[in-house]
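User: Hello! I am new to this structure and would like a close look at a single part of it. Could you take me through it step by step?

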Amino acid sequence: MAKVLIATVKPFSAEAVDEVKGVFREAGYEVEVLAKYPDQSALLNAVADADALIIRSDKVDREVLEAAKNLKIVVRAGAGYDNVDLAAATEKGVVVMNTPGQNANAVAELALGMMVYMNRNKLTPAAGRELKGKTMGIHAYGYVGRIVGKIASGFGMKVHAYDPYIDPEVMQHDGVVYEENAEDLYRTCMYVSLHIPANAETKGSIGFDLLKLMPEGATLVNTARKEVIDEEGLKKMFAERTDFRYISDIAPDCSEELAEKYPDRILFTPKKMGAQTAEANKNAGVAAARQIVNFLEEGETTFKVN
Ligand code: 3PG
């Protein structure tokens, strides 16, 4: 009987766990749930006899892969897989997958929700600002970026996007203005929402040189990864541009300094929570479970990333 470990420091909703278990029950698999675990040693112990592993932002490094002697597949229930050592997994013959799009709506709703909250001065009575008529720049037009674009246009914003990996026709079809390069996106848009993954190409790529191009009232929204920000550049932007605001679901390492110096110009969630909705948990969890069963039973490798 195959054994699956669901290891999530940030737990899925109870309803999502029930549905995920249902998929494995039908397949005749054994399931262990390791939620809110205190440290990496708990994961190292639990993974020892697992054939398959479901994770969220949980770290799956070489040590975990070495401890998991029977492991055949890891599915990251979500989009970004920068928390998995892909090279080590490939070396060990472990397939890694993600579940693209399954939690995208939750992240997109939070991005716009935080923008509204910030624009209304965090619900204090001073006069706020509206989104209608402003320019919204989507940096990377994937699953989340597209939904952000749709919601933003519902608010009456003018939506632009830059993504070197997507055919411009996709954006044009959605009524989104295609920008040929990042500089043009930042130069044109008062709001820029980041949806790039964290990888060797993107880490530290959003810094002062790009941000300084943004028009008056510049607001950067980050529901992607903190690692894509060049924090020295971010601090310089705050110091030089008194109009600049930063909204993020993943507080930067310099968050305390920013909070002290510019409390009204930042909005950070206490913990990354973009994908933390009952719906997203269920969609991503069930998709991960089905992908595991399809892989172990049929060798199906759609969504394999290594
Ligand atoms: C993702 O990459 O899918 C999101 O960042 C959500 O991450 P989480 O599952 O840790 O909330």
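Which residues are around the ligand?

Analyst: Happy to help! Please keep in mind that this is a predicted model. The ligand is surrounded by Lys 10, Arg 56, Ser 57, Arg 76, Gly 78, Ala 79, Gly 80, Asn 103, Arg 225, Lys 272 and Ala 275. Sorted by character, this shell holds 5 charged, 4 polar and 2 nonpolar residues.

Let's look at some of the contacts. Ser 57 places a polar side-chain atom 2.4 Å from an oxygen atom of the ligand. For Arg 225, a polar side-chain atom is 2.8 Å from a ligand oxygen atom, and for Arg 76 the corresponding distance to an oxygen atom of the ligand is 3.0 Å. On its own, the ligand would expose 310 Å², and the protein buries 95% of that.

Now for some strands and helices along the chain. Arg 225, one of the residues around the ligand, comes after strand E10, which covers residues 219–222. E10 runs parallel to strand E11, with 4 bridges joining the two, and Thr 219 sits opposite Arg 245 of E11. Together with helix H10 (residues 231–240), E10 and E11 form a right-handed β-α-β unit.

E11 also has a parallel partner in strand E12 (residues 266–268), joined to E11 by 3 bridges; here Tyr 246 stands opposite Ile 266. Between E11 and E12 the chain passes through helix H11 (residues 255–261), in another β-α-β crossover that is right-handed.

Finally, a look at E11 itself, residues 245–248: Arg 245 and Ile 247 point one way, Tyr 246 and Ser 248 point the other way, and all are buried.

Key. Residues are numbered from 1 along each chain as its sequence is written. This is a predicted model: local features need pLDDT of at least 70, side-chain atom pairs count only at pLDDT 80 or more; totals for chains, interfaces and linings use all residues. Side-chain values use heavy atoms; hydrogens and water are left out. Buried means under 20% relative accessible area, exposed over 50%, partly exposed in between (1.4 Å probe, protein chains only). Two strands pair if DSSP finds at least two bridges between them. A crossover is right-handed if, with the strands pointing away from the viewer, the path from the first strand over the helix to the second runs clockwise. A residue is near a molecule or strand if one of its heavy atoms lies within 4 Å of it. A polar contact is a pair of N or O atoms within 3.5 Å; within protein, one must be able to donate a hydrogen and the other to accept it, and residues adjacent in sequence count only if both atoms are side-chain atoms. Accessible areas come from the Shrake-Rupley method with a 1.4 Å probe; for residues, only the protein chains shown count as cover. Ala, Val, Leu, Ile, Met, Phe, Trp, Tyr, Cys and Pro count as nonpolar, Asp, Glu, Lys and Arg as charged, and the others, Gly among them, as polar.
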